[in-house]
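Reader: I should like to go through this structure by question and answer, beginning with the contact between its chains. Please show it here.

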2 protein chains.
Amino acid sequence: MLQTELLKQKTNEAEAVIEQYLPAESGHQKIIFEAMNYSVRAGGKRLRPILMRETYQLFGGKGQEIEPFMAAIEMIHTSSLIHDDLPCMDNDELRRGVPTTWVKYGYDMAVLAGDALLIYAVETAVKALSFTGTAQEGARVARAIGLLAAKTGIYGMVGGQVVDVQLTGQDIPAQKLDFIYRLKTGALLEASMMIGAMLAGASDEELGQVEEMAGAVGLAFQIQDDILDVTSTAEQLGKPTLSDEKNHKTTYVTLEGIEKARADVAKISERAIEILHGLPGKNQFLEDLIRMLITRDR
Amino acid sequence: MLQTELLKQKTNEAEAVIEQYLPAESGHQKIIFEAMNYSVRAGGKRLRPILMRETYQLFGGKGQEIEPFMAAIEMIHTSSLIHDDLPCMDNDELRRGVPTTWVKYGYDMAVLAGDALLIYAVETAVKALSFTGTAQEGARVARAIGLLAAKTGIYGMVGGQVVDVQLTGQDIPAQKLDFIYRLKTGALLEASMMIGAMLAGASDEELGQVEEMAGAVGLAFQIQDDILDVTSTAEQLGKPTLSDEKNHKTTYVTLEGIEKARADVAKISERAIEILHGLPGKNQFLEDLIRMLITRDR
C-alpha cells in the first residue's frame, strides 16, 4: 500500500520544482503574474508532475530536463481549470475551498490568466534545452513539446472539453462518454507519463505501452470518480455526493450500473498494472500510486 | 512603391500555406474545428506570415520548415482576436464585417476556440521537425518554438493585452502606452521576423538587429493607426474614425500631439529601414512592405 507520508513528500518535491518556474510578480503586467501564481498555488496533489517524474525514473532518466516539463504540465492543467470555472462554462465560484480565479481577479483577467498559463507552459518546457548537452537531446525536447501540445489540444484535453460542454444537460451516449473521459481526463495523464518516458529515451514501442497504461489509469480513475459520487458520504469525499444524479448528468454508473462499473475499474486497472510489469524498469512507488488512484475511497 | 498586385499574390501564397495546416472538420469535436477554421479564414492581410517568410528568404532560407511556423503565427494572432472580442473583454459583435466567433459559436466555444488555436499553433510549429534533416536543425526548431511562446506570452503579446485591459477607461501615462504598443502589437511582429531569421540560420547578433527592426515597424505601425483615426475619413479607413476620441482613449496622438506623432513615425520608420539596409541579404519587397505599413493612409 502507498504510504501517505511518501506521497506527501513527493507532492512537496513536485511543488518545489513548480515554484521555481513561476513568474516573479513585478512589472507593468504584475496582475497577471499574481493571477497565474494564485491559481497554480491553489493546490492539488500534483499527480501529473509526480507521474511524469516517476515514469522518467522508471526508464532510467537522471537529468534535470524533466523539471521544466513537470512545471509545464501543471500550468496546463491549471489553465484548463481556470477556463472551466468561468461563468460561460461551469460558473464555479469556489475550487478547493478558495475563490476561483475569475471571482478573485475578474472575468477578463481570468481569460487572460488561462491563456497566459497555456503558452507559458510551452515557454517553460523549452527551458529544458538549457539542461541538454547534444543537438540530439535538443531535438528530443522539440518532440516532447509536440507531444505536450498534441495531448493538450483539440485531439486531447481541449477536444474532450469541447464535447463535454456541447453535451451539457443532454443524455450522452456511451461512445461519446468514453471519448470525453479518454480526452478530458486521460490525455494529460498520457502526456505526463509519455513525456517522462520520452525524455528518458524510451523506444517508440515502449512509448505506445506507456500511452496505453496511462490511458487505462485515466479511464479507471474517472469511473472510480463516478462510483464514489454514488457510494461515498459527503464527509468522506470532502464535497457534496450524488451531484451527478442531481444535475441529471450521464456518468459511467448511470449508463452501465454500479456493478459493471466496479468490475470495469478492476479490469482496466489490472491491465494498467500488467503493462507496468512488462516495462523494463521497476518503480514500486509508481505501482502503489496507480493502485491508490484507482482504488481510493475518496 | 509596393505593387498592390504583388502584395495580393503574397497574401494568397500565405493563405495557401495556412490552409494546409487547418484541422479537418470531422470527429466528435467537429464544432471546435469549424470555429477555429471560421475564425482563421475570416481574413486579414496575413502580414505576420508574409513578414516571416520574407525575412527567412532575406537570410537565404530555402526550406519548407518555415511553413508550419507561418501557419502557427497566424493561429496565435487569430486566437488573440477571438478572446479580445469576448463580452468580458471588448464585447465586439463584428470583425471585418462578419460575426465574431462568440456571436457565431457561443461564448463557451469561443473561449475554447481561442485556447485551441493557441496550443494548436505549437502543435503545428512542431511539424517543422518533419522538414529537418539533422538533430541540429531539430534543436533549432525547439529554439524557434521557445521564441514563439515567449513573444506570445506574458512578456509579449498577452502581457501587453493585460495592461491594455487593466487601464481601459483610464488616462494612460506615456510609459505604459509605449509598453502596451511594444508588447500588444510589436511582440508578434518581432516573433514573425525573428523566427524567419532564426530558421534561416541568422547569428545572435543579427537576431538582435531583426528584433529592433521589427519592434520599430510595430511601433510606427501603431502610431500611424492613431494618426489615421484622427486624419482619415470613415470612407478611406473602412471603419468609423475619431473612435479613440469618442471612447476617451489615450493614444500616441492624444499624448504627444499630431505633429510630434508624425515626426516620430518618420524617425522610427527610418531607423527600421536603416537596420534593414545593414543586414546581409537584399529583399526589395520586404523594404517596400515595411514602407507601406508605416506610411499607409488607411
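Reader: How many residue pairs are in polar contact between chain A and chain B?
Author: The model is a predicted one, and for this count both residues of a pair must reach pLDDT 80 or more. Salt bridges between chain A and chain B number zero. The residue pairs in polar contact between the two chains number five.

Reader: Which element gives the largest share of the side of chain A that touches chain B?
Author: Five helices of chain A each give two or more residues to that side: α2 (30–41), α6 (107–126), α7 (135–152), α8 (157–166) and α9 (174–199). The largest share is 13 residues, and the element that supplies it is α6(A).

Reader: By class, how many nonpolar residues does the side of chain A that touches chain B have?
Author: The contact takes 51 residues from chain A and 51 residues from chain B. On the side of chain A, five residues are charged and 12 are polar. The nonpolar residues there number 34.

Reader: What area do chain A and chain B bury between them?
Author: Carbon and sulfur atoms account for 79% of the buried area. Of the part that chain A buries against chain B, 16% comes from A:His28, A:Ile119 and A:Ile154, more than from any other three residues. The area that the two chains bury between them is about 4500 Å².

Reader: What relation does the superposition of chain A on chain B show?
Author: A turn of 180° with a shift of 0.0 Å along the axis lays chain A on chain B, with an RMSD of 0.0 Å. The relation is therefore that of a two-fold axis. The same surface serves both copies, the share of contact residues of chain A that recur in chain B being 100%.

Reader: What radius of gyration does chain A have, and why does it agree with a compact globule?
Author: Chain A contains 15 helices and two strands, and its C-alpha atoms fill a box of roughly 55 × 50 × 35 Å along the principal axes. Because a compact globule with 298 residues would have a radius of gyration near 19 Å, the value for chain A agrees: 19 Å.

Reader: Which residue forms a salt bridge with A:Glu25?
Author: Over all chains, the structure holds 40 salt bridges. In one of them, A:Glu25 has its partner 16 residues away in helix α2 of chain A, while A:Glu25 lies in the loop between α1 (4–20) and α2. The closest N and O atoms are 3.8 Å apart, and the partner is A:Arg41.

Technical notes
Residues numbered from 1 in each chain as written. Chains lettered and ligands numbered in written order. Predicted model: local features only at pLDDT ≥ 70, side-chain atom pairs only at ≥ 80, totals over all residues. Heavy atoms only, no water. Least-squares fit on C-alpha atoms with pLDDT ≥ 70 in both. Contact = heavy atoms within 4.5 Å. Buried area = accessible area lost by both parts, 1.4 Å probe. Salt bridge = Lys/Arg side-chain N within 4 Å of Asp/Glu carboxyl O. Polar contact = N/O pair within 3.5 Å; in protein donor to acceptor, adjacent residues only side chain to side chain. Helix = DSSP H or I, 4+ residues; strand = E, 2+ residues; numbered from the N terminus. Nonpolar A, V, L, I, M, F, W, Y, C, P; charged D, E, K, R; others polar. Rg over C-alpha atoms; globule rule 2.2 N^0.38 Å.
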